[in-house]
Number of protein chains: 2
Amino acid sequence: MIADMESTFDVELKLGRDGLVPAVAQDATSGEVLMLAWMDAEALERTLTTRRATYWSRSRGEYWVKGETSGHTQEVVSVAIDCDNDTILLKVNQTGAACHTGNRTCFFTELTGAAGEQA
Amino acid sequence: MIADMESTFDVELKLGRDGLVPAVAQDATSGEVLMLAWMDAEALERTLTTRRATYWSRSRGEYWVKGETSGHTQEVVSVAIDCDNDTILLKVNQTGAACHTGNRTCFFTELTGAAGEQA
């Protein structure tokens, strides 16, 4: 599928040691960063083709259409790749919570306060 | 330093195979996602303590204070960790371009148009 990627989208992913690249999902409207998951070329191609965010689950070892079970889908508005071809940024219309905890975003735990107390 | 992290910030990073976690830097004002780099516990602690975004450079194999050479520093406004303790989100005041290409963000290459033509 990497060959297809190259010919179809003119991009070759620079994969990490685990054969994946990180993919950041950002709310297309609010700009809030919702979550980070992982993709290979096949996941990226499926995402671009179906406009449903599709990741590779490192824990389950399988492709994972976000929201397929929970209903908390991500409709893909735009996809960008970074200057090194090793990170993907998705802007999405998020249905419901992005996080499996029920929080809107996975990044609900602030570390900064603790650091401030140390400063 | 992981022990320090646990006692100081009450967080234990869940590291990837390469001993790192991805760290997303987002413009604290505009919400724009600027770049993604990599951290270990030491980089996170340095970032929290100094309020200067500090990453681990995979290519150079050393800690890297963003902007130390270019002057394009990132003043850290807030730091969050995700629900799985395996991704960091920094909100930063970015001086100059975040990207080494001179672009404001590393994500200046859109893939979505090509996909739209295929659909």
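Here a trainee and a mentor talk through the contact between chain A and chain B in a predicted model.

Trainee: Let's start with the contact itself: how many residues does it take from chain A and from chain B?

Mentor: Happy to start there, and remember that the model is predicted. Counting residues with heavy atoms within 4.5 Å, the contact takes from chain A and from chain B 42 residues and 42 residues.

Trainee: How much area do chain A and chain B bury between them?

Mentor: Good follow-up, because the size of an interface is often given as the accessible area lost when the parts come together. Carbon and sulfur atoms account for 69% of the buried area. On the side of chain A, Cys83(A), Phe107(A) and Leu111(A) lose the most, together 18% of what that side buries. The area buried between the two chains is about 3400 Å².

Trainee: Now the charges: which residue of chain B meets Arg58(A) in a salt bridge?

Mentor: Between chain A and chain B there are 2 salt bridges. In one of them, the distance from N to O is 3.3 Å, which is within the 4 Å cut-off and therefore counts. The partner of Arg58(A) is Asp86(B).

Trainee: And how many residue pairs are in polar contact between the chains?

Mentor: This count takes pairs with both residues at pLDDT 80 or more. Elements giving two or more residues to chain A's side include α1 (2–9), β5 (74–81) and α3 (112–118) of chain A. By class, that side has 23 nonpolar, 11 polar and 8 charged residues. The number of residue pairs in polar contact is 14.

Trainee: Which strand of chain B is joined to β5(A)?

Mentor: Look at Ile81(A), which stands opposite Thr109(B). There are 2 bridges, and the strands run antiparallel. The strand of chain B, at residues 109–110, is β7.

Trainee: What is the order of the strands in that open sheet?

Mentor: β1(A) and β2(A) pair in the antiparallel sense over 6 bridges, with Val24(A) having Leu36(A) as its bridge partner. The edge strands, each pairing on one side only, are β2 of chain A and β7 of chain B. Across the 5 strands the pairing is mixed, and the order is β2(A)-β1(A)-β6(A)-β5(A)-β7(B).

Trainee: Which domain does UniProt place at residues 35–108 of chain A?

Mentor: Over those residues, the chain is 14% helix and 38% strand, and the end C-alpha atoms are 10 Å apart. According to the UniProt record, an unreviewed entry, the domain is Phosphoribosyl-AMP cyclohydrolase.

Key: Residues numbered from 1 in each chain as written. Chains lettered and ligands numbered in written order. Predicted model: local features only at pLDDT ≥ 70, side-chain atom pairs only at ≥ 80, totals over all residues. Heavy atoms only, no water. Buried area = accessible area lost by both parts, 1.4 Å probe. Salt bridge = Lys/Arg side-chain N within 4 Å of Asp/Glu carboxyl O. Polar contact = N/O pair within 3.5 Å; in protein donor to acceptor, adjacent residues only side chain to side chain. Helix = DSSP H or I, 4+ residues; strand = E, 2+ residues; numbered from the N terminus. Nonpolar A, V, L, I, M, F, W, Y, C, P; charged D, E, K, R; others polar. Pairing = 2+ DSSP bridges. UniProt positions renumbered as here; feature names shortened; annotations may be inferred.
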